[in-house]
Amino acid sequence: MEDTVLVEMRKCFLIEAAELIVEVESTFLELESDPSNKEHIQHIFRVYHNIKGSSAAVGLEALSKFTHQIENLLSKIIQELIAVNGEVVDILLASNDRLKIMFSLCQDSLDGQIIFPDNSDITSEIQVILQGSGEKSAPEVVPASLENQCAKQIDISDFVNEDGSFKEENHEEIIEEKPERSEKQEKHDKKQDEYIRLPLSKVDGLLDALGEQAILNTILDQGRMNLSANGEMIEKTIVQLSKITYHLQQTALSLRMFNLNTIFSKMKRIVRDTAKQLNKEVNFITQGEALEVDKTILDELDSPLVHLIRNAIDHGIEPAAIRKEMGKKPEGTIKLSASTHGGFLYIEIVDDGNGLNKEKILKRAIEKKIITPEQSLNDKEIYQLIFKSDFSTKEQVSELSGRGVGMNVVKNFVDKFRGSIDIKTEEAKGTNYIIKLPLSLGIFNGMIVLIDDGKFIIPNADVKEIVQIASDTCHRVDEQEKIIDIKGRVMPLIDIKSLLLGVCDKTEGNVLAIIIEHHGREYALRIHDILGQQKIVFKNLGSELKHRPGFSGGTILADGKAALILDVASIIRLYQGVST
């Protein structure tokens, strides 16, 4: 019983503490730009003091001891015995990163033995600064309780990258070195509940709507006793019930919506560290961080933004000396902004650097045999080449770039969430990356289309245009590929029936097609009819269809029958694999 209570206490502590250290990271950066701001340092001190006390209360002595060392440094800063400078902020940020790793290790082993990293690299730096302020520190003594808690000390550099993420190969070794766990513990580890914090107003709104729904259900129950006499009342109640149900849907979806503030704050740190590493001056501006987005997207948005921002600093922003020669300010500017329009989230990363070099991109794409010299591409298609796997215009591989991986990560993220990314660039002026994503994934507007005798769903967000194509505008390139000409726009015609169902469509005459755009290029998807539109409730596919290309999920139509949701990005990849 006591172990169960302790595990629950640790869960609550780790959730709160993880939020606190993410929040306080942006305060470190603000403190660096405004060292005299006493409110910032007081806030940071309170956060670490809270973590120190709470970690000790739940039996995590190693955390408490490490946080106490950081608290000592903060105390001297408050007393103005130590001045805030770049070196001090570096140590504070490194300490924060180490705490994130320790929290992660605690989360992975809430009721078992925790193997913490060796923190002496950071604590020794703290001691050097404290001694410089005149404080004499006693040698560190590890308490007996800590020796029992930590089976052994491990070198943090053996399994943690510079950005604080785990090295995969060594992380596996550490897991293997953990003591054998019971069957119950193994089962617990397979799936741990994830916790989120919600404003009470959202929960209250959900309960209010449920209460109204219960009242309307009671009215319907009474009304069905005499349907002929209560017909009008029942009809009005059904209309009200429909409105309440829609309100419930929206409220339930809002429970998964969280603002972008945490992600945007983290990007400030990325900009600072990358600019420092490359010896460049960068002013970072954010806008729209209060907007909310589905948690599923939010959880995976981090990595793409990191790659885009690092790319903007490394490839885009010029060194200060070159910027002066070009008549620019020595300090480059990167703006990260978010906005919403028409049910979509738009995230823009704008820099005032040197822009994309079209000729250089084309030359490298030909060298990598991504395209042939004979291919004719428009500007939009050329810029989309940077998202290809293994593509980079850098001659030398560095820690930050050159491997051709980062931008491909961005593309895969956008495809996964049925989004898009556009590039606007002007040489010597800068580049603007525009990511378009759905605000919510659970319910969306979809078009019901007929392919052969089957009903399928295409998300409205993927539909650019619907066209009736005359048979004389279709031209066969070879046995696998057809192209069509629509008002001078030439594009491939994809036979979905053949591609997904394995049955060649031999229908003669005019063709009905849906025009979509994928990474700057238009495609026509051949269908047989459009049956209408409806709100689509997304359902995951079962094991039999989960890995089948061309489909992202399923739904239940108004007639009670199931329909598959077409995955446009997957269909394009499948088509390209067949036709090339």
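**A tour from helix H9 to the sheet**

Begin by selecting helix H9, residues 200–223, where Leu-210 is found. The model on display is a predicted one.

Keep Leu-210 highlighted. This residue counts as partly exposed because its relative accessibility is 39%, a value between the 20% limit for buried and the 50% limit for exposed. Next, add Ile-196, Leu-198, Leu-200, Val-203 and Leu-207 to the selection; with Leu-210 they form a nonpolar patch on the surface. The accessible area of these residues together is about 510 Å².

Now turn to the sheet. Select its five strands and follow them in the order S2-S4-S5-S7-S6; the sheet is open and its pairing is mixed. At the edges are strand S2 (282–287) and strand S6 (420–426), each of which pairs on one side only. On average, neighbouring strands of this sheet are turned by 15° against each other, direction ignored. Strands of a sheet pair through backbone hydrogen bonds, in either a parallel or an antiparallel arrangement.

For a closer view of one pair, select S6 together with strand S7 (residues 430–438). Seven bridges join S6 and S7, in the antiparallel sense. Within this region, locate Glu-426, which stands opposite Gly-430 in S7.

Finally, show the helices that accompany the strands. Helix H11 (residues 261–278) lies across S2 and strand S4 (332–341), and runs at about 170° to S2. Helix H12 (residues 295–316) packs on the sheet, where it touches S2, S4, strand S5 (344–351), S6 and S7. The direction of H12 makes about 20° with that of S5.

Definitions and conventions
Residues numbered from 1 in each chain as written. Predicted model: local features only at pLDDT ≥ 70, side-chain atom pairs only at ≥ 80, totals over all residues. Heavy atoms only, no water. Patch = residues over 30% accessible without salt bridge, like charges linked within 9 Å, V, L, I, M, F, W, Y side chains within 5 Å. Areas by Shrake-Rupley, 256 points an atom, 1.4 Å probe, with all protein chains shown as cover. Salt bridge = Lys/Arg side-chain N within 4 Å of Asp/Glu carboxyl O. Helix = DSSP H or I, 4+ residues; strand = E, 2+ residues; numbered from the N terminus. Buried < 20%, exposed > 50% of the residue type's maximum accessible area, 1.4 Å probe, protein only. Pairing = 2+ DSSP bridges. Axes fitted to C-alpha atoms, helices over the stretch in contact; angles between N-to-C directions. Contact = heavy atoms within 4.5 Å.
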